[in-house]
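Open the model in your viewer and keep the selection panel at hand. The tour goes from one selection to the next and says what is there.

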Amino acid sequence: MNLDFGCEYNEFRAEVSDFCSEHKGVQLTGNLFGRYETIKKRRSSNSDGKTMSLAEWQILLIENGYFARNIPKQYGGYGGDLDIVKNVIINTEFSKAGIPCGTGGQGIDFLVPTLLEMGTDEQKDHYIKSALHLETIWCQGYSEPNAGSDLASLQTKGVLEGDEWVINGQKIWTSTAKYSQMMFCLVRTEPDEPKHKGISYLLIPMDTPGIEIRPLVDMTLDAGFNEVFFTDVRIPATNIVGKRGEGWLVANKTLVHERGSLGDPDKMVSRLNLLIALMKNETMDGKRIIDHPIFRDRLMKIQGKTLALKAHGLRLLSANINKGQDVDLGIMIVKLYGTEMRYELEALAIDVMGELGTLYEDSPHIRDEGSWQYAFMYYLGLIIGGGTSQIQKNIISERGLGMPRAPKIKEA
Amino acid sequence: MYFGLSEEQQLFQDSIAKYLENNVTIDAVREYANGENQKFADDIHQGLIELGINNLIIPEQYGGLGLDLLYATAVSQSLGAGIAPVPYVGSYVMAPMAIMLAGSEDQKTKYLNAISSNQLHFGFGASEYIASRENAGIVIDGNTASGRSLFVIDSLNASHFILTNMKGTIFIVSADDPNLEIVQLITIDKTSEISELILNNCKIEVLKKSINNTSIIERVVDAGRIMVASDSLGASQTMIDKSVDYSKERKQFGRVIGSFQAVKHMCAEMTANIQPCYSMIWYAAHCQDNIPEESRLMATHTKAHVSDIASSIAKTSTEVHGGMGFTDDLGLHYWFKRIGLNRQLLGGVEINREEAAKVQGF
């Protein structure tokens, strides 16, 4: 056991820390996705710092190597080596200083790595830089009304006519569709092949005629998702990543990435600290909630889980740095464990506030601008989205523990 | 940066696991638990001492290996996994640690060397410092002590005991003292030995540095908590492994029960819950030796959290086995009971969480 990153990183940490203090209190204008949390994060860092746009900030971060660090310069990245420790240091220092990290999103988090691995040179040139610099916002067109957990049964159809794909069908749960210029989309192009082998990964400009977007309001009352309808949408035949019928393979590379990325222990720790602050402030019959034995015990329970997750994060990080540490099961459990736990944490905050915990929007007496109520519901969404908890349990038991799949039922 | 057990620590775990697999069979444990083979536990104890479990953390100058608590934690996990019916946490971690931290040079030389060379071993009683039941407790008067200590761990054939009064003053009493009454308690877990000690003006040796310094007993208890948690971790993993294996063999409705989602999800949940416990225990152990500002918080939380997870695994894995899980034939209950005992030792979950809150000034 050795938790020291080594002295070569001390210099790097100092450098990041200098950048952070130089930009402390920076205020970012513009709100890319309309997500409540996004706005909140930006707003909470207010003080007397400089004001700049999200895109300007993003480019500044890339120039300094604090975002898109290991993406080649020719594609608009920093062009550094892949060094997980440095990424960790950047995240830690930024969060310590309370300044915003770079803006991700589905395009940057999922499409960019996919293109880097499987895109053509033209696609890389054309799409990566504009995505990183926030000139082009991307949305992900995967789920359909009848293809949720069973994603591979998707039915949106693509037919090649001359040098164009003609697309018909419907996608759902499309975050940020309203703000996006492009969609990376799974489309059934080989209807005669088995379901996993009949899908292609297509890139669709959102201003193509025949696309209709209908906002989908979720339980938080945010229109965070959309339905997207395609009627005879024509795009160039070259807008495909990988070969025809390889779309499932291409998409799965990024899904693995998504599932690993949803349980960030540092975020859980800082959320827990906000909960502790809330419990010190709120009173019941004049007594602080944190002195109330039952609430206190519940808080300690969640803190215990958080500390376990934090240590688990160190173990996964170590496996990333050192060859040969077996953490397959450890990775598989992160989405399930992280989202379920986060929901429990938010739920405790609601109970801490009692009746006040039911206030919403801009109600009088609302605490922390309603962020607890919002997150309480939002994280229920995350338990379901990106592979439900039940799907995660199938993955853990089947792939992790080698338990047999359920026998297939013949379709009626 | 490397987080986890070293290759050497894993190899040592493997050697203990192999020894226990060959020698601590369910049949042997059952025989012992039924009082039919008292020699069994002694033999296993000797076998494990030959592997070196008794002198891990004792400094080399006193005949030990001078290893850290993480190493001791790795060993504890293997003992729990293999349901070893031997003294460990009290005898070979808490007792030497107390002597190292609070003993005089003479005491260290005398007792640590004796532990290293397997000439004596200690039982350990700290329950009354943590939370006294039945108003038990010990009063020290100069070089004598009187009172009661309930739930003294590792008392099997102990030659000496280390006890504490309610102020955290630590002292040694000999098992031969004519004024000491040792009452063997019978717990659900027949693989652990727990006793009540009744002292009536017993002659004692105080470990003087512990006088008016509760930080020593706290450190010793915290180390013990991590060891007990690790024992439960090992026991829990064994229960999960047995559940997964069983579910791949047992057939109902024409298919193995492991193909039913209801069963798969039970196994997945147990796995999801136990995985972070490994990291938590290792980190907590590392903190004891290297990150003092987090050591108390991590020890208390680890004991509470792992106990909760282990208890739920004990229940769920028994359920995966259906009716067989409830039988003595299968013997799964030995792990269930070990986890049940561990949960209460050195403070139950509520006590540990309350301490964790206090450590943070809440």
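**Where the two chains meet**

Start with both chains shown: 37 residues of chain B are in contact with 42 residues of chain A. Bear in mind while looking that this is a predicted model. To find chain B's side of this contact, select α8 (214-249), β10 (255-256), α9 (261-290), α10 (292-320) and α12 (349-359) of chain B, the elements that each give two or more residues to it. Which of them gives the most to the side that touches chain A? That is α9(B), with 16 residues. Colour the side of chain B that touches chain A by residue class, and you will find 19 nonpolar, twelve polar and six charged residues.

**The domains of chain B**

Now hide chain A and colour chain B by domain: domain 1 is 7-116, domain 2 is 122-210 and domain 3 is 214-359. Taken over C-alpha atoms, the centres of domain 1 and domain 2 of chain B lie 20 Å apart. Between these two domains of chain B, 20 residues of domain 1 are in contact with 15 residues of domain 2. On the domain 1 side, select α2 (26-33) and α5 (89-102) of chain B, which are the elements that give two or more residues. The most comes from α5(B), with nine residues. By class, the domain 1 side has 15 nonpolar residues, five polar ones and no charged ones.

**A helix pair early in chain A**

Bring back chain A and select helix α1 (residues 8-22) and helix α4 (residues 84-97) of chain A. Their axes are 9 Å apart and the helices pack at an angle of about 35°. The crossing of α1(A) past α4(A) is right-handed. Show side chains for the contact: among them are Phe12(A) and Val16(A) of α1(A), and Ile89(A) and Phe94(A) of α4(A). In total this contact has nine nonpolar, two polar and three charged residues.

**A second helix pair in chain A**

Last, select helix α9 (residues 293-321) and helix α11 (residues 334-353) of chain A, whose axes come within 11 Å and cross at roughly 155°. Why are α9(A) and α11(A) called roughly antiparallel? An angle over 145 degrees counts as roughly antiparallel, and theirs is roughly 155°. Here α9(A) passes α11(A) in a left-handed crossing. Residues to pick out in the contact include Leu299(A) and Ile302(A) of α9(A), and Met341(A) and Leu345(A) of α11(A). The contact of α9(A) with α11(A) is made up of nine nonpolar, one polar and three charged residues.

Notes:
Residues are numbered from 1 along each chain as its sequence is written. Chains are lettered from A and ligands numbered from 1 in the order in which they are written. This is a predicted model: local features need pLDDT of at least 70, side-chain atom pairs count only at pLDDT 80 or more; totals for chains, interfaces and linings use all residues. Axes are lines fitted to C-alpha atoms, for helices over the stretch in contact, and angles run from 0 to 180 degrees between N-to-C directions. Helices (H or I, at least four residues) and strands (E, at least two) are DSSP runs, numbered from the N terminus. A crossing is left-handed if the near helix is turned anticlockwise from the far one by less than a right angle, and right-handed if clockwise. Two residues are in contact if their C-beta atoms, placed from the backbone, lie within 7 Å. Ala, Val, Leu, Ile, Met, Phe, Trp, Tyr, Cys and Pro count as nonpolar, Asp, Glu, Lys and Arg as charged, and the others, Gly among them, as polar. Domain bounds come from an automatic or database domain assignment.
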